[in-house]
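Colleague: I'm new to reading protein models, and I'd love a close look at one single spot. Could you pick a residue, tell me where it sits and what it meets, and then follow the thread outward from there?

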Amino acid sequence: MSEAPAPAFVIEPMADLDELRSLLRRRWGETLMMFGRSWKLGDYDAFVMRDSDGNILGLVTTVLQKSTRLALTLDNFSEQPGIGRRLLDFVMTMGRDEGARSLRVLTTNDNTPALRYFQKHGFKIVAFYPGAIAVYRQVAPTLPEIGVDGIPVRDAIELEIDL
């Protein structure tokens, strides 16, 4: 008995800015506040993962800063596990190919699932920014006050993995 073929996925640049804006609004808003600055459409690269029917399963936004590739957002829009991991692997390969030495991500103090996820995949905490979210809210006022499991959202935590 043969195994069923693996589902076909493609990761491709997100060229449609209106569609990208719509995807970002689902979770992040139009202006991203990360790594100490605001990021607007066009400041970064965006890639989507699509299934064989063309449905968007996930999104990653990323930018190269000197020798570090930053992952600004990482989203799985499906119920399928592994989308985030495939997108992270894609960004890590991109970083290696362009000579980046590391990949950095940023999350908030309440996002224990993300902290757990990134550390299980080899990321190390490299910076802690107490009170950073209050500063970010001045530009992105829709950032929630209360986050995962009722934890107040206050601080930013930066994680990194060597490439």
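Modeller: Let's start at Asp-75, whose relative accessibility is 2%. Buried means under 20%, so Asp-75 counts as buried. Please keep in mind that this is a predicted model.

What does the side chain of Asp-75 meet? Its partner is Arg-27, and the two form a salt bridge with 2.8 Å from N to O. Asp-75 belongs to strand S6 (residues 68-76), while Arg-27 belongs to helix H1 (residues 17-27), so this contact ties together parts that lie 48 residues apart in sequence. Arg-27 has a relative accessible area of 47%, so it is partly exposed.

Now stay with S6, but turn to the largest pocket, which holds about 970 Å³ of space. Its lining has 36 residues, and those closest to the centre are Trp-28, Leu-74, Thr-107, Asn-111 and Ala-114. Which elements give two or more residues to this lining? They are strand S2 (32-34), S6, H2, S7, helix H3 (112-120) and helix H4 (132-139). S6 gives the largest share, six residues. By type, the lining residues divide into 22 nonpolar, 10 polar and four charged.

H2, another contributor to that lining, covers residues 83-97. Let's check its length: at 1.5 Å a residue, its 15 residues should span 21 Å, and the C-alpha atoms at its ends are 21 Å apart, so the two agree. Several residues of H2 are buried, including Leu-87, Leu-88, Val-91 and Met-92. Just after H2 comes Gly-99, with a positive phi of about 90°.

S7 also helps line the pocket, and following this strand brings us back to salt bridges. Arg-104 and Glu-158 meet through their side chains at 2.5 Å, N to O. Here too the partners come from distant parts of the chain: Arg-104 sits in S7 (residues 102-108) and Glu-158 in strand S9 (residues 156-162), 54 residues apart. Glu-158 is buried, with a relative accessible area of 5%, whereas Arg-104, at 22%, is partly exposed.

Elsewhere, Glu-12, Glu-19 and Arg-50 are joined into one network by salt bridges that share partners. Within it, Arg-50 and Glu-12 meet at 2.5 Å, N to O. Arg-50 is in strand S4 (residues 45-51) and Glu-12 in strand S1 (residues 9-13), with their positions 38 residues apart in the chain. Arg-50 is buried at 17% relative accessible area, and Glu-12 is partly exposed at 27%.

Those two strands are also partners: S1 and S4 run antiparallel and are joined by five bridges. One of the pairs matches Pro-13 with Phe-47. S4 is mostly covered, with five of its seven residues buried. Six bridges join S4 to S5 (residues 56-65), again antiparallel, and there Asp-45 has Thr-62 as its bridge partner. S4 and S5 make a hairpin with four residues between them, and Gly-54 in the turn takes a positive phi of about 90°.

Technical notes
Residues are numbered from 1 along each chain as its sequence is written. This is a predicted model: local features need pLDDT of at least 70, side-chain atom pairs count only at pLDDT 80 or more; totals for chains, interfaces and linings use all residues. Side-chain values use heavy atoms; hydrogens and water are left out. The expected span of a helix is 1.5 Å times one less than its number of residues. Buried means under 20% relative accessible area, exposed over 50%, partly exposed in between (1.4 Å probe, protein chains only). A salt bridge is a side-chain nitrogen of Lys or Arg within 4 Å of a carboxyl oxygen of Asp or Glu. On a 1 Å grid over the protein atoms alone, a cavity is a set of points where a 1.4 Å probe fits but cannot get out, and a pocket is an open set with protein on both sides within 12 Å along at least five of seven lines; lining residues have an atom within 4 Å of a point. Grid points are joined across faces, edges and corners, and a volume is the space filled by probe spheres set on the points. Ala, Val, Leu, Ile, Met, Phe, Trp, Tyr, Cys and Pro count as nonpolar, Asp, Glu, Lys and Arg as charged, and the others, Gly among them, as polar. Two strands pair if DSSP finds at least two bridges between them.
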